[in-house]
Amino acid sequence: MQNVFFLKFFRLTKDTSKFPIGGFLFGLLFPVFAWTFDINYHHFSFIWDDIVTMHLNNPIHFIIDLAPLILYAVAYRLSKVIEADRKKYTTIIKEKENIISKNALFARKIGDKDFSINESDVDEKDILGKSLLLMRDNLLKTSKKETEQNWITQGKDKISTILRIHNDIDKLAYETLVTLIKYINVIQGALYIYDDESKSLKNVATYAYDRKKYLNQEFKIGEGLIGQAAYEMDTVFRKEIPDYYVTISSGIIGEKKPSNILIVPLITDEKLQGVIEFASLKDDINELSIKFVEELSEIIARTLFNLKVNAKTEKLLKDAQEMTEELKENEEELRQNAEEMRATHEELEKSNEKLETQIIEVENAQKRLHSLLENASEIIYIYDEEQKLKYVSPSVTKILGYNPEEMMEGKDFDRLTLRGESDLKKMFKSLLENPDEAHTIQYTYMKKNGKKIFLETTGRNLIHDPAINGIILNSQDITERKRAEKEERMKSKMQALSENSPDMIIRLNTSGQFFYANPIVKIFTGIDTNDVIKKTIDEVNFHPQITNFFKESLQQIKKSKQKLNTEFTFPTNFGERIMQINSIPEFNEEKDLETILFVAHDITERKNIELEIQEKNKKITESINYAERIQGSILPNTKFIQQFLQKSFIFYLPRDVVSGDFPWFFKKEDELYIAAVDCTGHGVPGALLSFIGYFILNNIVDHEKSYSAGEVLDMLHEGVRKTLKQDQADANARDGMDIALCKINLNKMELDYAGAHRPLLFLRNGELKVYKGNRKAIGGIPVGNKPEKDFVNYNLKIQKEDKIFFFSDGLPDQVGGPQKRKYMAQRIRDIIIENSDFSMKQFSNYFARDYKKWKGDNKQIDDVLLIGIEF
């Protein structure tokens, strides 16, 4: 405060050379006043004799006459003292301006991603400079990590694309190897696939010096560097290889010694799928390349595993097709046998007709046949050539619920689906066209009680058979068979999924006896599945933590009969792993709890990544919060501005922790400068730009000359362009700011306004007038060679109770309301007009409530700044 006082004093006393003359002239006033008073009081004349008499009568006049000389001497001494102090404080001010300029340059370089600043350039007492150094260091660390992660991610995307489009192992291996060699910038590479049958690693792709190599290499587990990496299931990296390593039988180096060798095993679910090898004659393989290949190795291994499984599946499918062909051939033999049996039966029937003596026996046989047909497990239909039902066996009542009479009336087709009816008609047509062939179809039928069942019907053309004289259909209920087949297919699928799942899957009953355990159980616990199945929890030598978990989960599910989802620290052969375990109760047909299925998924890597992200976010948040404290310490608030403008308010809501919008205030003698500034962007980039605008504005107005609002914006425009190097020919940064600036002189009741894209709302006697700013921003690159116009300065006479408002675009652009529309500048004008008699405090509260209600649950899209002043 003392420095500010002297600064203002020096401005008022900038020319001290006139002090002695002023003191002398001021001192003359004392004898002139004394002489005039005495002459008038004693009625002297202004002549020499009367003046001498006046001095003799009142000797104090001699002392008063010396006042000009005394004041001359005092003023002369004072001018010397002031001049010395002026030089002292001018030096201090220049030092502070240099610090501010350095910090502004530092902030601009950080914004341009130029971090070449030495810590020695920052003063130890410069808090802002040290904060910017801390921000620069954090940005450098974050940028480096992001660059490395992006490089790894891009490489993964390239390899993932190759793995996705290729189904042939040889093509996939070669394309993957070539892409990796070029991506990590080495000259040689080879890829080996692990053969489960021969227990060896076979070379499937080799590439060196931009050429494909054809090598037929094979390594046993533990043989050479390739076999060693496979045996240890760990990465092998060799640097500065000694001379005695020349004869190591590595896959691609032969007898030539490389500078670097990287061998990475391809492992998934703790199973070896292959090995990938790289070599370089230079030190090209760095830690980032090693990390990238190791992270990618599991993806490649999983793809190789899937391709192997697919190949086995194709072989099994081919075998199944061959078996199907054999079954078809057997079915044809059975059909021929059936035809022979039918012919034999016809001969027997003819013989029986001729035996008149056996009529009674035949009648009895018919009765027995009727009884058999009534209780048979299939229905027999006989149709004529017009597909009209002639006969249906009595068993139809037992199977379908309809009696034969109802079936004869049309129920044979009425209860079919459209597809079933179509299939039956096709079968009739086929039987008429090919009378020697039998046809079988399956379809659904609606029973009399409304229940759907599956029927299998076999049709034969016996129209030329005198005994039948029609098309005979044999239908049987295959609903249970269909259900059993479906259950068997589901069991087979579930078994295959469980066996190949990377998750640990266990099923036990309510007594704690294990019914099933997939192969992953052995990988995690070291206990063979044969030692688990049909054993109880206590009989299996699990780790005590695992045993207790199964017991507790069993008790909870027996009690709640609800699914449990648990995260559990699982002790395994390779250390503790965090597992996500789903405990699923399984019920029988009577809804009784029968078994519990445990599915455990390893989420250790995901948890570690989550912790790493949390730590990074914490550091970034701390840096931003520190920047927010710095920004908050230099920006004015409502309480500060009310010291000079009592009836005023600032409605300020940054979107992020730090803001690109900021209020600015400066007092210079009788003049008050106040502005609402909206910088490009928000958050950290906007805050860096706000520092530039803040300090440039301070430097402009903190001079002896007084500038209008328009002139200040012209100078700010040039200052921002120069700071951001937008005035250079190769400039491409279009960052800048919008602003509404007012210069207020309360003594003269005058107001200067100028704006860049931001208007001034002027309220007087209930009428609102809008003064629009220039349609150009502060900073940026000019369009072509077109000369830019100066900012328009509005000079307004103000009266008591006049009110002004200006704001950034964050308030009118906010989306909300019932129809998800923008707040709009028109809404701001309507609120001011409708509530023109409001005080500034009422306006502040009203806008805060209305904005919150309008925004609702919508996201704040930008920083919000609104300033109101009443004179």
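Here is a short walk through one helix and one sheet of this predicted model. Residues are numbered from 1 along each chain as its sequence is written. Because the model is predicted, local features need pLDDT of at least 70 and side-chain atom pairs count only at pLDDT 80 or more, while totals for chains, interfaces and linings use all residues; side-chain values use heavy atoms, without hydrogens or water.

Let's begin with helix 7, residues 169-184 (helices are DSSP runs of H or I with at least four residues, strands runs of E with at least two, numbered from the N terminus). Its 16 residues reach 22 Å from the first C-alpha to the last, close to the 22 Å expected at 1.5 Å a residue (1.5 Å times one less than the number of residues). At its start, a side-chain oxygen of Asp168 comes to within 3.2 Å of the backbone nitrogen of Asp170. After the helix comes Asn185, with a positive phi near 65 degrees.

Now for the sheet. Five strands form an open sheet in the order 14-13-17-16-15, with antiparallel pairing (two strands pair if DSSP finds at least two bridges between them). Strand 14 (514-517) and strand 15 (564-572) are at the edges with a single partner strand each, so one side of each has no neighbour in the sheet. Strand 13 (residues 504-509) pairs with strand 14 over three bridges in the antiparallel sense, and Arg507 has Tyr516 of strand 14 as its bridge partner. Helix 16 (residues 544-560) packs on this sheet, touching strands 13, 14, 15, 16 (575-587) and 17 (593-602), where contact means heavy atoms within 4.5 Å.

Methods
Polar contact = N/O pair within 3.5 Å; in protein donor to acceptor, adjacent residues only side chain to side chain. Axes fitted to C-alpha atoms, helices over the stretch in contact; angles between N-to-C directions.
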